[in-house]
Every structure is written in C-alpha cells, then in structure tokens.
Amino acid sequence: MSDVTIKIKDREGTVHEVQAPTDMAMNLMEVCKAYELPVEGTCGGMAMCASCQCYILSSDIPLPEMGDDEDAMLAEAFYVEDNSRLGCQIPITEELDGLEIELAPES
Ligand code: FES
C-alpha cells in the first residue's frame, strides 16, 4: 500500500478526504498544502511556527510520540487543545490510514 486516506476538516467545517502517499517522506502539513488547504507551514516543518496545528479527531490511530520541539511550540501556541499536534511533526505512514483531523484556527 502506498497511499493512505486522511480526512481533514477545514476551518469552514468542510471535510476533505485526501489520499496521502506513504513513500514520499511527506508529513501531514505538506499533505494539507499539496491539497491547497489553508495551512501556512511558515517554518517549513521545523516545529517553530505552529501554523500547521491541527486537532486529532481519531482516537484509534497510533501517532508518533510528541517530541520536545513540538511540545515546546504547542506550549506557546494559541488555541491549543488536548488533542493538538503539529502536522509537520507527523510523517505519513501506513498506520495513519483513516486518520481524521481538523485544522486549528489561524493565530
Ligand atoms: S510548519 Fe511550522 S510548526 Fe509545523
């Protein structure tokens, strides 16, 4: 399997079901941008801007542990919830198939 399906709810509440490749070393932020969803990714995926913040709606999908950089950035970001993650810190892997996320408001 080389593509996984991810559902992304935008800030208007519209759900976009997208296909993301697992073999191109992409992360969730880059997938959002590839589908022209309104994710800035200002820092280029360095966990330094939080513009890729999203809320994880699925509870049954195993995600990579949060790293120190992501943890520190989310401690300073706006609109952070318990299920907040930085999209750029989540690589696209087969485990993500069926993941549902929601874009956090722009800060
Ligand atoms: S793109 Fe900047 S923190 Fe993710």
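In this predicted model, strands β1 and β2 run antiparallel and are joined by 7 bridges. The hairpin they form has 5 residues between the strands, and within the hairpin G13 takes a positive phi near 95 degrees. One of the residues of β1, I6, has V18 as its bridge partner in β2.

Strand β1 also pairs with β5. Residues 3–9 (β1) and residues 99–103 (β5) run in the parallel sense and share 4 bridges. Strands of a sheet pair through backbone hydrogen bonds, in either the parallel or the antiparallel sense. Some bridge partners of β1 residues are set out below.

| Residue in β1 | Partner strand | Bridge partner |
|---|---|---|
| I6 | β2 | V18 |
| I6 | β5 | L99 |
| K7 | β5 | E100 |

These pairings belong to an open sheet of 5 strands, in the order β2-β1-β5-β3-β4 and with mixed pairing. At the edges are β2 (15–21) and β4 (84–86), each of which pairs on one side only. From one strand to the next, the twist averages 40 degrees.

What lies across β3 and β4? Helix α2, made of residues 68–76, lies across β3 (53–56) and β4, and the helix runs at about 125 degrees to β4.

The two faces of β1 can be told apart. In a regular strand, side chains alternate between the two faces of the sheet. The covered face of β1 has V4, I6 and I8, while D3, T5, K7 and K9 are on the uncovered face. Thus I6, whose partner in β5 is L99, is on the covered face, and K7, whose partner in β5 is E100, is on the uncovered one.

The largest nonpolar core of the model has 29 residues. Those with the most contacts inside this core are I6, I8, L28, L86, I92, L99 and I101. At least two core residues come from each of β1, β2, α1 (28–34), β3, α2 and β5. Helix α1 gives the largest share, 4 residues.

Which residues does I92 contact, leaving aside its neighbours within four places in sequence? They are V4, I6, A20, P21, T22, M26, N27, L28 and V31. Among them, V4 and I6 are on the covered face of β1, and I6 and L28 are, like I92, among the residues with the most contacts inside the core.

Notes: Residues are numbered from 1 along each chain as its sequence is written. This is a predicted model: local features need pLDDT of at least 70, side-chain atom pairs count only at pLDDT 80 or more; totals for chains, interfaces and linings use all residues. Side-chain values use heavy atoms; hydrogens and water are left out. Two strands pair if DSSP finds at least two bridges between them. Axes are lines fitted to C-alpha atoms, for helices over the stretch in contact, and angles run from 0 to 180 degrees between N-to-C directions. Contact means heavy atoms within 4.5 Å. Buried means under 20% relative accessible area, exposed over 50%, partly exposed in between (1.4 Å probe, protein chains only). A nonpolar core is a set of buried Ala, Val, Leu, Ile, Met, Phe, Trp, Tyr and Cys residues joined through side-chain atoms within 4.5 Å.
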